[in-house]
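The paragraphs that follow are meant for a reader who is meeting this structure for the first time. They begin with the chain as a whole and then move through its parts.

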Amino acid sequence: MPINFSLSTTTQGQQAPCPCIFRHRTSYFNKLPVSQNHVKFKALFCLKHSNKRRHNKAPHNSIDSLPKFDTSCCYSAYSKMEGVRKLDFVGSVESNEYSKELDVAVRAVQMACFLCQKVQESLISKSSSQVQSKDDNSPVTVADWSVQATVSWLLSQSFGSENVSIVAEEDVVSLSKADAAGLLKAVVNTVNDCLAEAPRFGLQGPAMALGASEVIEAISRCNSSGGPTGRFWALDPVDGTLGFVRGDQYAAALALIENGEAVLGVLGCPNYPMRKEWLSYQHRYHRIISKLTPPTSESWDKGCVMYAWKGSGEAWMQPLIQGDKKLVWPNSARPVQVSSIENPALATFCEPVEKSNSSHSFTAGLAHSVGLRKQPLRVYSMVKYATIARGDAEVFMKFARAGYKEKIWDHAAGVVIIEEAGGVVSDAGGRRLDFSKGIYLEGLDRGIIACAGARLHEKIIRAVDASWSSSSL
């Protein structure tokens, strides 16, 4: 149950209770130190107080530093939470200007993860012809088209199709071919099976099943070219499709971009293990072990949705909806933070699995020169952004082959989440990623670097400058 914060009345001469603690508002938090014996507790602060703190630049390492207010209410709530390892934070977004967009986006990504899990089980359990190849030889599955159609339909129903503009990865060329009738039927059935579950996720489904033309229309609606003005959604229905078809890590990513800047990000990671050590193993091994020693119904074994909105200073993580359960906000959401590790020798860095997506030799040289001593954590998809945001790794580096152009849907959601969790994301020249130039990250300087902290980030930037001329990229 959420902690119940209430304001007490005061008598003359008493200090007023902290005015920023109240029910159902958790946009701003004072970070308290974490010990081995208690959870990370964060006092709830309102926008006005948070802005005042930032303006005055006063140190806020504990609630003791709140001047002029009686913080006993904070201590009372905090004392109740000592020794508790898992709490249901309210995670309300009422006071956020993107509250409705975030609410719908999180629920839509939860549904996308539900859909993907069903399709992945089918792909792993039996040989399937429902995997196609795109022009660049990357795989695309029933899940890619189905998620795109589902999310497109949900956004249009929630905000009105005339108000929704979407940039997304998939098109309908393959589905529209004469010999693709079987594939299209599979997509339509998958979409309808998912939308039938919409009420369980707190969204409204269609009055009757969608037909093939309606599914095609929903996919085709994702035809925005982005740009520097207005707002649009950036969707990657299944990021890391190769990991998806191999039964490994993948992600469903949705971001809202406004006037060229990513302002909201939601990242669904269905196979993300809650135990950090399992990230080092292929997910199929985790599946085998889980079957031998299945988790209890109360445990949170794997799978999460992370989300954040610009300016909140917080990123959140909630478990996936399992079985027949319903999504009741905030769905056991809890805040995530980047790691505090600054020593390169203790830091973990991650990179893409496939050498074709990033130069392993160049990142190995960078790691050595910076002092990163651990073996790289190679992970499919935007799950790499999630590892940084959750504090499971400290560095993510990607240096693609010459001529490759990064797409905005591969990064937008992850960037928002890492930055609000306290991390730094830039190109190799130290510039923030620019989402205002269309579907590509135009003008990207060499590669992408994401770090838990500024010091590690600066060291890697310097190392790239020192070694780039001798690279073959």
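Of the 473 residues in this chain, 54% count as buried, and it should be kept in mind throughout that the model is a predicted one. The chain contains twelve helices and 16 strands. Among the contacts with a separation of 6 or more, 72% are between residues 24 or more positions apart.

A good place to enter the interior is the largest nonpolar core, which has 68 residues, and in which Leu-155, Trp-233, Leu-264, Val-266 and Tyr-307 touch the most other members. The greatest contribution to this core comes from helix α3, spanning residues 99–125, which supplies 14 residues. Apart from this core lies another, made of 46 residues, including Ala-255, Tyr-272, Cys-304 and Cys-350. To see what surrounds one member of the largest core, the reader may look at Trp-233, whose contacts beyond its neighbours within four places in sequence include Glu-101, Ala-105, Leu-155 and Phe-159, as well as Leu-254, Ala-255, Leu-256 and Leu-264.

Several of these residues lead to a run of strands. Strand β7, which covers residues 251–258, is mostly covered, since seven of its eight residues are buried. On one hand β7 is joined by seven bridges to strand β6 (residues 231–239), the two running antiparallel, and here Asp-239 has Ala-251 of β7 as its bridge partner. On the other hand seven bridges join β7 to strand β8 (residues 261–273), again in the antiparallel sense, and Leu-256 finds its bridge partner in Leu-264 of β8. Between β7 and β8 the hairpin has two residues, and Asn-259 there takes a positive phi near 50°. In general, the side chains of a regular strand alternate between the two faces of the sheet.

Further along the chain there is an open sheet of five strands, arranged in the order β13-β12-β14-β16-β15 and mixed in its pairing. The edges are held by β13 (377–378) and β15 (424–427), and because each has a single partner strand, one side of each is left without a neighbour in the sheet. Strand β12, at residues 349–351, pairs with β13 in the parallel sense over two bridges, and in this pairing Glu-351 has Arg-378 of β13 as its bridge partner. Helices lie across this sheet as well: α9 (residues 360–370) crosses β12, β13 and β14 (395–398), running at about 170° to β12, while α11 (residues 412–420) lies across β15 and β16 (448–451), running at about 135° to β15.

Is Thr-348, which lies in the loop between β11 (334–336) and β12, buried or exposed? A residue counts as buried when its relative accessible area is under 20%, and Thr-348, with a value of 9%, is therefore buried. Beyond its neighbours within four places in sequence, Thr-348 is in contact with Lys-374, Leu-377, Asp-392, Ala-393, Glu-394 and Val-395.

Helix α10, at residues 383–390, has eight of its eight residues buried, and so it is largely enclosed by the rest of the structure. Among these buried residues of α10 are Lys-384, Tyr-385 and Arg-390. After α10 comes Gly-391, which has a positive phi, near 85°.

The aromatic residues offer a last route through the model. A search of the whole structure finds eight aromatic pairs. In one of them, the rings of Phe-244 and Tyr-250 have centres 4.8 Å apart and planes at 80°, so that the pair is edge-to-face; Phe-244 and Tyr-250 are buried. The rings of Tyr-385 and Phe-396, with centres 5.3 Å apart and planes at 75°, are therefore also an edge-to-face pair. This pair links distant parts of the chain, with Tyr-385 in helix α10 and Phe-396 in strand β14, eleven residues apart, and both residues are buried. Elsewhere, ring pairs link Phe-362, Phe-399 and Trp-468 into a cluster. The ring of Trp-468 also has the charged end of Arg-446 sitting over it, 5.6 Å from its centre, and in another such arrangement Arg-200 lies over the face of Phe-114, at 5.2 Å from the ring centre.

Methods:
Residues numbered from 1 in each chain as written. Predicted model: local features only at pLDDT ≥ 70, side-chain atom pairs only at ≥ 80, totals over all residues. Heavy atoms only, no water. Core = buried A, V, L, I, M, F, W, Y, C linked by side-chain atoms within 4.5 Å. Buried < 20%, exposed > 50% of the residue type's maximum accessible area, 1.4 Å probe, protein only. Helix = DSSP H or I, 4+ residues; strand = E, 2+ residues; numbered from the N terminus. Contact = heavy atoms within 4.5 Å. Pairing = 2+ DSSP bridges. Axes fitted to C-alpha atoms, helices over the stretch in contact; angles between N-to-C directions. Phe/Tyr/Trp six-rings, centres within 6.5 Å; stacked < 30°, edge-to-face > 60°. Lys NZ or Arg CZ within 6 Å of the ring centre and 35° of its normal.
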